[in-house]
Number of protein chains: 2
Amino acid sequence: MEELKPHLANSLPLTPLGLLERSATVFGDCPSIVYNDTTYTWSQTYRRCLQLASSISSDGIARGQVVSVVAPNIPAIYELHFAVPFAGAILNTINTRLDARTISVQLQHGDSKLVFVDHQSRSLVLEAVSLFPPNTKRPPLVLITEDDNGDDYQATVDSKFCCTYEDMVRRGDPEFKWIRPLSEWDPIVLNYTSGTTSSPKGVVHCHRGIYNMVNETLIDWSVPKQPVYLWTLPMFHGNGWAFTWGMAAVGGTNVCLRRFDAAIMYDLIKKHGVTHMCGAPVVLNMLSCSPDNQPLEKPVHILTAGAPPPATVLFKTEALGFVVSHGFGMTESAGLVASCAWKLKWNVLPATDRARLKARQGVRMGGLTEVDVVDPKTGVSVKRDGSTLGEIVMRGGTIMLGYLKDPVTTRECLKDGWFYTGDVAVMHPDGYLEIKDRSKDVIISGGENVSSVEVESVLYTNPAVNEAAVVARPDEYWGETPCAFVSLKAALTTKPTEKEIIGYCRGKMPHYMAPKTVVFMEELPKTSTGKIQKFLLRGIAKSMGSLSCRSTTINGIQSKLNT
Amino acid sequence: MEELKPHLANSLPLTPLGLLERSATVFGDCPSIVYNDTTYTWSQTYRRCLQLASSISSDGIARGQVVSVVAPNIPAIYELHFAVPFAGAILNTINTRLDARTISVQLQHGDSKLVFVDHQSRSLVLEAVSLFPPNTKRPPLVLITEDDNGDDYQATVDSKFCCTYEDMVRRGDPEFKWIRPLSEWDPIVLNYTSGTTSSPKGVVHCHRGIYNMVNETLIDWSVPKQPVYLWTLPMFHGNGWAFTWGMAAVGGTNVCLRRFDAAIMYDLIKKHGVTHMCGAPVVLNMLSCSPDNQPLEKPVHILTAGAPPPATVLFKTEALGFVVSHGFGMTESAGLVASCAWKLKWNVLPATDRARLKARQGVRMGGLTEVDVVDPKTGVSVKRDGSTLGEIVMRGGTIMLGYLKDPVTTRECLKDGWFYTGDVAVMHPDGYLEIKDRSKDVIISGGENVSSVEVESVLYTNPAVNEAAVVARPDEYWGETPCAFVSLKAALTTKPTEKEIIGYCRGKMPHYMAPKTVVFMEELPKTSTGKIQKFLLRGIAKSMGSLSCRSTTINGIQSKLNT
């Protein structure tokens, strides 16, 4: 057998890019994207992506360079998922909820060569670019507008922008030959998971990893041909868990929307016959708690991840006709790697038991990806007893290449052949894992990851602050919100109020990252070696209940108002 | 980006083997295999495969050695699709319809180290092994029985067999750690596409190729979770188009059956609530033309390939409630690489137009695989005009590594980065391809490939035969049957009859390969350079109609009886 080696005909690089080429043939005249009054077909989308890629390429963007986009779930960001890698470049989607400083850090760290900017993020990105150090090269900006009707419009574009998005489409060559990766390990995306500190974490995925994720996720969720997919998961969040490319594989209709609002979502579900959607539990919350909620005419499959869906939210959402699946993944894993695969026999259980089972993160998603819970010191699997804590580790075909320009952090989390997630979990006897805590102190608020360390580092810059520790406070709506425990310096003449501390943070970070609660303490609880005992603070935050409570100064003991 | 390289956590070899491990967790107590009165669950199947792998391994089978199985679609052959590669070995499934000589050639060519033998193929395989040259090492044989109830049975096994299949399961270690491929390019299967000649074509596929096929085929056919799959496609035919492993990916129920008979199929469909099945058009023919046919209670998805389904068969099958999909693949491509992806707008067309469209082989199945029709001389794509003939070429992630011990044939069909199939087709303006002829003279009879060259070489061994050429004769039931055109030697005193020629062939090859029609001619039509003009003979065979006609001696002109 030794003479049988890989050859050109069987070793085409694994990449999701061919999916669009195929969908242009198979689903050519079927809708690819629907947004307000605009509908594209798959052959139009293919053509537009080739045109864009042609323009990106002829504008001098070379293989392996980074192209960024700051936009909500509008058609342009979908198209760029193909157009940018079609030009050989690396797509960097930026969270529109970030502040200018963070965006500036990410653009500089990624060495972005071109930035597509949604018109609503116009001033945000202009400010971000203005924060570049003097004498550094700033990337050209392309404005994505919604009223661009041709050359006349182009003339009116702000001089800060080199052109409009539609102009790039128009001047591109629809016969452009898209650029294949030289290797399936070539980078295709750069996704920042944080960025306010001086060391942003830029997750880099390769073509092979994304292709593997597309396959695993479509099969695991049993996505049929031509679903109607509502984009209630931001595409800038881990590329919408790879469903950006996945929808091309199945010829789905991408229903785009600018704002996640219950009334809008229900309207689009009805209008377009939505069959599938994804979102953090906060989306389920919106759908189920909104005064606009209404029983569905036909079932809609909704896949949620980012945090376990609370039982009440689950009940309400399912009662309306949504079929909820729950999964688990990270930006580092290119999408979901575990899902709470539902067993038919569970259907007969009482609702609370069903909710408890469904809130578990579940089992490995495909035959390739492996997920385990191990003792972080020894790497040995924990007992399948549902109570022994361990760290979630994963490996397979979808784990990132690493963090950009950060070999130390990359090495730290990639060890012994596994990716160490930092999430603490238990393994149940049936092989389903369940997250219990996060060792890296990540707070997930409305589907957004907030690094407690980053918030603390901002708090420490406040001259009045002596000590600071930030933990998650449970929240019915947002899932969690950042809650700061602060001790003030002794010799202060005027002590800052909670509102002032919050305001201080908001001036230095995106609003969603700033604490929503500040608890003042004389001294933070510490171990004998002087380490802040965060588990105690988490206990206090948990007992405070949802955000409707207001915090106040407490002296070593927990106190609540308004609950 | 250059510092970001593949690492252990993201470069696990692509292999279908993990699918079973996962299904044991996710679908552990759901049925995996149903056969007569036996039902296994996925956790039982996983356990049995580990036990088998353990026994195979402890019997001395080493990584990369070939293990064969001669069996119809019974549970054992399904289990061996995991158990053999779990032991690091290469699975070689052998067509039960072959004759002893052919099986002997394949076992010797593949250097098989262990052979699993269904009890109904007992004497066939014993004869095959007896045909090994003297003083050559013969592989040990394992008998697969259906009445093996424990140790007592073992004692009764024929001394020609080392043990029974169930004995191997029983003595195996269920905690066996299955052996991962060292590389995803390691071989996993060896499938012979022919073998009566001295140069058998043994197609070798690697773990990566099979893994890719499993993903592409499940997504393309939109196979949902937990389908009930009826095994009407032999697993020894290209591993049942990879659905052997595919069913583990979706936790399906494998309904096994020993014999393809319409009454049995309808019975099983009803009894087990079958949702999916595959088969050559001859299976559709059985289902639709049988007196046992009956409208289905709920739709059954049936995927057919191997030959275009004739319009009448399509009408009848669909009228009964089957949802027919049509695809195209070869043993060399590990399963289907093109499928006639159905467009909703075609539903409104007249039935004959629908049948015509559905009989096309279609478009590339996934985003990775590419299929084209090219001028075989230049490699340039033919016009998309539905009439220019060209050769089908394919590339992607599922093409074989090559033919075992046959670098010349391997090189001949793998050129310029493509696999040249030898099939002649046209490309329609909508990008769908349609087969028009086979340049390699393959006759497809009842889903089995028959090499006309091989049949001719046997005919030439008959002392009365002067010239011989074998072509396909269209057949309503079998699709095609081999039709021989023969000229006899001049000085014969008694001329052989058609029946005698057929009988002669049957003595030297599997029955399905032997001609079903023999046409005697004074001289076969030839080109000026002396090459037999097969296209003329095909024309004659075609005009003879289906097999109900009987052939007779004709003198250069075509003649038909009974039509």
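**Note on the domain 1 / domain 2 interface of chain A**

1. Starting with the area: domain 1 of chain A and domain 2 of chain A bury about 1,100 Å² between them, and carbon and sulfur atoms give 65% of that. Keep in mind that this is a predicted model.

2. On the domain 1 side, three residues stand out. His109(A), Val204(A) and His205(A) lose the most area to domain 2 of chain A, and together they make up 42% of what the domain 1 side buries.

3. For the wider layout, chain A splits into domain 1 (24-207), domain 2 (300-438) and domain 3 (442-543). The centres of domain 1 and domain 2 of chain A, taken over C-alpha atoms, are 31 Å apart. In terms of residues, domain 1 of chain A puts 15 into the contact and domain 2 of chain A puts in 13.

4. What about charge pairing and polar contacts? Between domain 1 and domain 2 of chain A there are 0 salt bridges by the rule used. The polar count is 6 residue pairs in contact across that interface, with both partners at pLDDT 80 or more.

5. Which elements of domain 1 of chain A give two or more residues to the side touching domain 2? They are α4 (100-110), β8 (187-194) and β9 (201-206) of chain A. Of that side, β9(A) supplies the largest share, with 6 residues.

6. Sorted by class, the domain 1 side that touches domain 2 of chain A has 6 nonpolar, 7 polar and 2 charged residues.

How values were computed
Residues are numbered from 1 along each chain as its sequence is written. Chains are lettered from A and ligands numbered from 1 in the order in which they are written. This is a predicted model: local features need pLDDT of at least 70, side-chain atom pairs count only at pLDDT 80 or more; totals for chains, interfaces and linings use all residues. Side-chain values use heavy atoms; hydrogens and water are left out. Domain bounds come from an automatic or database domain assignment. Contact means heavy atoms within 4.5 Å. Buried area is the accessible area (1.4 Å probe) that two parts lose on being put together, summed over both. A salt bridge is a side-chain nitrogen of Lys or Arg within 4 Å of a carboxyl oxygen of Asp or Glu. A polar contact is a pair of N or O atoms within 3.5 Å; within protein, one must be able to donate a hydrogen and the other to accept it, and residues adjacent in sequence count only if both atoms are side-chain atoms. Helices (H or I, at least four residues) and strands (E, at least two) are DSSP runs, numbered from the N terminus. Ala, Val, Leu, Ile, Met, Phe, Trp, Tyr, Cys and Pro count as nonpolar, Asp, Glu, Lys and Arg as charged, and the others, Gly among them, as polar.
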